Amino acid sequence: MKRILMLMSLCAVYCCTSCSPKTEEKEEQIKLLATSPLQKDTTITKEYVAQIHAYQHIELRALEKGYLQKIFVDEGQSVAKGQPMFQIMPLVYQADLQKSQAEANYVDIEYRNTKSLADSNIVSKNELALSKAKLNKAKADVALAQTHLQFTSIKAPFSGIMDHFQARLGSVVNEGDLLTTLSDNSKMWVYFNVPEAEYLAYKEQAKADNVVNVKLLMANNEVYKYPGKVQTIEADFNNETGNIAFRATFPNPDGLLRNGETGSIMMTVPLKNALLIPQKATFEILEKKYVYVIDSKNVVHQREVTIASEMPDLYILKGGVSSGDKILLEGLRKVKDGDKISYNYKAPQAVISHLKVYSE
């Protein structure tokens, strides 16, 4: 019986020792592909939510009280500078002008008579000066009445496009009432907010290029065909958001852009010594990104990485690995943390040059 038990033990030991090399040999036969993060200067395209405004956009208001007697234009119409737009009934202001002119004529006659008497030394020079002052006041009253009369005719201060009417024909309008708005859309101002870190990168780029061109992504996800230029930056950062407002100017020769539209600014931002890894070298757990880092003993270790930005097929990292680390590029689903692997190494430049994301 003892001999039988010893024989069975020896067989079990033999089987275990004979199976282990086969398993190790099988592991050695599976070779995976590895690479390293690539550190280089690059550029990325950042998108910023933007508000589009006309180069000039003003409110046209009534300067005098009265009935809205005439409307010479229509909503949405293009108007030229100096073109009549509204007429407020001018009768009262015409009467005021005639009255002022009559008073000025009367005072002018008085002044001439007083001057003749003063030249003959019949009246004093002080009386002549008083008469002259009355004449100047009468002339000023005439000029004021002419101004009020001119204010009843509202003309376009610049060429632009009319908005909808706020008052209708025959309405009684008071001084300051809104009649409509007028937009000069020959060029557009597009406002967007930039974080502080990206503002500093922009300033470095602006030193080298002087003018930074940007693109406009419209609401229909099409890129506006004319590039814009960043020409103005506000003086102060917003302490609550940490952003600063930029203003880009876009030409609008086709009149496609209108005041109040929305879109996104696409601005190229330079990055120095950016750390790039292929997107397919990462996997996700609970909305966090991880890679497998290979140590000196060919053992893989799961490590979290922080994504700074995303490019086609690539991630730009903020932290987690360095350019000297080796990371698993393919076969991520075939290993787990702590596995010893056999791998072929491929230089990161060669990997990125013909990279395409795929699903294993």
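## Strand S8 and a nonpolar surface patch

In this predicted model, Val172 is located in strand S8, which covers residues 172–173. The residue is partly exposed, its relative accessible area being 48%. Val172 also contributes to a nonpolar patch on the surface, together with Tyr67, Met89 and Leu91. The area of this patch is about 390 Å².

One member of the patch, Leu91, also belongs to helix H2, which comprises residues 91–119.

## Confidence of the model

The mean pLDDT of the protein is 86, and 89% of its residues reach 70 or more. Two stretches have much less support. Over residues 1–7 the pLDDT stays under 50, and the model shows zero contacts for them beyond four places in sequence. The pLDDT is also below 50 over residues 13–29, a stretch with one contact beyond near neighbours in sequence. Where pLDDT is low, the predicted coordinates should not be read in detail.

## Overall composition

The protein has 360 residues, of which 36% count as buried. Its secondary structure consists of five helices and 19 strands. Among contacts with a separation of 6 or more, 75% are between residues 24 or more positions apart.

The accessible surface of the protein is about 22,400 Å². Carbon and sulfur atoms account for 51% of that surface.

## Helices H2 and H3

Helix H2 contains 29 residues, and the distance from its first C-alpha to its last is 42 Å. This is close to the 42 Å expected at 1.5 Å a residue. Helix H3, residues 125–151, has 27 residues; a span of 39 Å is expected at 1.5 Å a residue, and the end C-alpha atoms are indeed 39 Å apart. Just after H2, Asn121 adopts a positive phi of about 60°.

Which residues of H2 are buried? They are Tyr93, Leu97, Ser100, Ala104, Val107, Tyr111, Thr114 and Ala118. The cover over these residues includes helix H3. In H3 the buried residues include Leu128, Ser131 and Leu135, along with Ala138, Val142 and Ala145. The buried residues of H3 pack against H2.

## Salt bridges

Side chains of opposite charge can pair when their charged atoms come close. The count of salt bridges in the model comes to eleven. One of them joins Lys137 and Asp141, whose closest N and O atoms are 3.2 Å apart. The two residues are four residues apart in helix H3, so about one helical turn separates them. Lys137 is exposed, with a relative accessible area of 54%, whereas Asp141 is partly exposed at 26%.

A salt bridge also links the side chains of Glu330 and Lys280, with an N to O distance of 3.4 Å. Glu330 lies in the loop between strand S18 (326–328) and strand S19 (342–345), while Lys280 lies in the loop between strand S13 (262–278) and strand S14 (283–285); the pair therefore ties together parts that are 50 residues apart in sequence. Glu330 is partly exposed, with a relative accessible area of 27%, but Lys280 counts as buried at 15% relative accessibility. Because buried means under 20% relative accessible area, Lys280 falls into that class at 15%. The side chains of Glu284 and Lys289 form a further salt bridge, at 3.1 Å from N to O. Glu284 is partly exposed, its relative accessible area being 48%.

## Positive phi angles in loops

Where do Asn298 and Asp313 lie? Asn298 is in the loop between strand S15 (288–294) and strand S16 (300–311). Its phi is positive, about 65°, although Asn298 is not a glycine. At 26% relative accessibility, Asn298 counts as partly exposed.

Asp313 is placed in the loop between S16 and strand S17 (314–319). Asp313 is likewise a residue other than glycine with a positive phi, in this case near 70°. With a relative accessibility of 18%, Asp313 counts as buried.

Key:
Residues numbered from 1 in each chain as written. Predicted model: local features only at pLDDT ≥ 70, side-chain atom pairs only at ≥ 80, totals over all residues. Heavy atoms only, no water. pLDDT = per-residue confidence, 0-100. Contact = heavy atoms within 4.5 Å. Patch = residues over 30% accessible without salt bridge, like charges linked within 9 Å, V, L, I, M, F, W, Y side chains within 5 Å. Areas by Shrake-Rupley, 256 points an atom, 1.4 Å probe, with all protein chains shown as cover. Salt bridge = Lys/Arg side-chain N within 4 Å of Asp/Glu carboxyl O. Buried < 20%, exposed > 50% of the residue type's maximum accessible area, 1.4 Å probe, protein only. Expected span 1.5 Å × (residues − 1).
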